[in-house]
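These are my notes from going through one structure, entry by entry. I wrote down what I looked up and what I found.

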Amino acid sequence: MDGEECEALEKLVYMWGYLPGALPQRTPLLTPFRVPVSGYNWKDVSGGGCGFAMAISEPGKLITWGSTDDLGQSYVTSGKHGETPEPFPLPNEVSIVKAAAAWAHCVAATDCGEVYTWGWKECIPSGKVFGETLSGVSPEKDAQGKQGSFLTEQGGTVSGGEISTKRRKVSSAKQAAETSSSGDDILTAMPCLVTLNPGVRITSVAAGGRHTLVLSDIGQVWGWGYGGEGQLGLGSRIRMVSSPHLIPCIDSSSYGKDISASLSQGSMSSEGQNFRIPGSCIKAIACGGRHSAVITDAGAVLAFGWGLYGQCGQGSTDDELSPTCVSSLLGIRIVGVAAGLWHTVCTSADGDVYAFGGNQFGQLGTGSDQAEVLPRLLDCQSLENVNVKSISCGARHTALVTAGPWGRD
């Protein structure tokens, strides 16, 4: 079959698992089931949130489906789309190139480098809101003050990528949201065009439990949301960041002089040994439930955030509050990374797989259910003579794609 014939093949999308609104009977799909075409030419599958699915069509439309009106927040986050896959209500001129969904929110990048996000309001930063929220916010309202001030344990605030040391200020609305269990405090926010610094163009996005990372075209990483375990890489347990901030992954000096000197520059190992992180920029990002991981252009891995199960790969179960090099992988060129609720998995340029973190459900693929606090090379028989090209993690499972015949993707 020649290249032209391959290009002419129709791309199909299949679904299975918990998608209660995908079929009339609203039961789990136990085997792969073809998604109705509905006139779309599929471009990419972006996974989905809790109870719905998400994919990108060839024209750059974000397509969602599979939710039901009794799922509350999930139903709104999915765009209220059930059996029939339909475009998510973003502005008509928007063309989506990357998207990610977590259990509470979604994030998408456009071909122009802009970022839209929506879902649980705690996960939504400053920006311009499109559409109506459940609480009646007017469309296209400037949301700079929507989140109000945010609580930190250090008394600092983060806004627009700059770190300041203003007196701690907690808005009554935010304080209520953190202390009340009322359903009104977890209303879903509709799509928000994220406000980033002038000239910043985003090429990739990742969604964690309650935090978001985005990657720019020049290899800078920005983040926002919940950071109580260090998953935002600010060097402290900042509970909530309501606007995008720049994460100093390699060397803060390369990201401008306004970054606080108190932040780690990403050059300290967990043993306290100073060394220069290989690489000059970030090429890939991943968000787990409460931790994050990035890869430099030289193939080094940095992890930060919750470390209870060893998912930061430092040989311990400590939280890592700043981007910290996974030093045991130095010398191996890592090209892919994915993160689940409690685990992290990496792929190398040689096609090998390294896994670490929680393993209660066998998500590391090591043949046991024991956690690994350091990266472990998967040497199982099923991966012998297999060149792994990409990796993906769910909350408690892992999947990978190998190279095709004759080394083709």
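**Entry 1: a pair of strands**

Which residue of β5 does Met 54 stand opposite? I looked it up and found Thr 64. I note here that I am working with a predicted model.

I then looked at the two strands involved. β4 covers residues 53–57 and β5 covers residues 62–65. They pair in the antiparallel sense, over 4 bridges. I found a further partner for Ala 55, which is bridged to Ile 63 in β5.

Next I checked the turn from β4 to β5. The hairpin has 4 residues between the strands, and Gly 60 takes a positive phi near 90° there.

I also asked where the side chains of β5 point. In a regular strand, side chains alternate between the two faces of the sheet. In β5, Leu 62 and Thr 64 point one way, while Ile 63 and Trp 65 point the other way. I found all four of them buried.

**Entry 2: the sheet around that pair**

I followed β5 to its other partner. β5 and β6 pair in the antiparallel sense over 2 bridges. Ile 63 stands opposite Pro 87 in β6.

Put together, the strands form an open sheet of 4, in the order β3-β4-β5-β6, with antiparallel pairing. Which strands are at the edges? I found β3 (42–45) and β6 (86–87), each of which pairs on one side only.

**Entry 3: the whole protein**

I stepped back for the totals. The protein has 409 residues, and 51% of them count as buried. I counted 3 helices and 27 strands.

For contacts between residues at least 6 apart in sequence, 50% join residues at least 24 apart. The exposed area is about 18700 Å², and carbon and sulfur atoms supply 49% of it.

**Entry 4: nonpolar cores**

I looked for the largest nonpolar core and found 19 residues in it. Val 115, Leu 196, Ile 202, Val 205, Val 214 and Trp 222 touch the most other members. β8 (105–110), β14, β16 and β17 each supply at least two residues of this core. Which strand gives the most? It is β14, with 3 residues.

I took Val 205 for a closer look. Leaving aside neighbours within four places in sequence, I found Val 205 in contact with residues including Lys 98, Ala 99, Ala 100, Val 107 and Ala 108. Leu 213, Val 214 and Ile 285 are also among its contacts.

Apart from the largest nonpolar core lies another core, of 16 residues. Its members include Ala 206, Ile 250, Ile 282 and Val 294.

**Entry 5: salt bridges**

Side chains of opposite charge can pair when their charged atoms come close. I searched the whole structure for such pairs and found 6 salt bridges. I wrote up three of them.

Arg 210 forms a salt bridge with Glu 122, with the closest N and O atoms 2.9 Å apart. This pair links distant parts of the chain, 88 residues apart. Arg 210 is in the loop between β14 (202–207) and β15 (211–216), and Glu 122 is in the loop between β9 (115–120) and β10 (127–129). Is Glu 122 buried or exposed? Glu 122 counts as buried because its relative accessibility is 13%. Arg 210, at 25%, counts as partly exposed.

Asp 217 forms a salt bridge with Arg 201, with the closest N and O atoms 3.8 Å apart. The two are 16 residues apart: Asp 217 is in the loop between β15 and β16 (221–226), Arg 201 in the loop between β13 (188–194) and β14. Asp 217 is partly exposed at 44%, and Arg 201 is partly exposed at 39%.

Arg 290 and Glu 229 meet in a salt bridge at 3.5 Å, N to O. They are 61 residues apart, with Arg 290 in the loop between β18 (282–287) and β19 (291–296) and Glu 229 in the loop between β16 and β17 (240–247). Glu 229 is buried, with a relative accessible area of 10%. Arg 290 counts as partly exposed, at 32% relative accessibility.

**Entry 6: a surface patch**

Last, I looked at the surface. Leu 12, Tyr 14 and Trp 16 make a nonpolar patch of about 340 Å². Leu 12 lies in the loop between α1 (3–8) and β1 (14–17). Why does Leu 12 count as partly exposed? Leu 12 counts so because its relative accessibility is 37%, and partly exposed runs from 20% to 50%.

Note on methods: Residues are numbered from 1 along each chain as its sequence is written. This is a predicted model: local features need pLDDT of at least 70, side-chain atom pairs count only at pLDDT 80 or more; totals for chains, interfaces and linings use all residues. Side-chain values use heavy atoms; hydrogens and water are left out. Patches are made of residues with over 30% relative accessible area and no salt bridge: like charges are joined within 9 Å, nonpolar side chains (Val, Leu, Ile, Met, Phe, Trp, Tyr) within 5 Å. Accessible areas come from the Shrake-Rupley method with a 1.4 Å probe; for residues, only the protein chains shown count as cover. A salt bridge is a side-chain nitrogen of Lys or Arg within 4 Å of a carboxyl oxygen of Asp or Glu. Buried means under 20% relative accessible area, exposed over 50%, partly exposed in between (1.4 Å probe, protein chains only). A nonpolar core is a set of buried Ala, Val, Leu, Ile, Met, Phe, Trp, Tyr and Cys residues joined through side-chain atoms within 4.5 Å. Contact means heavy atoms within 4.5 Å. Two strands pair if DSSP finds at least two bridges between them.
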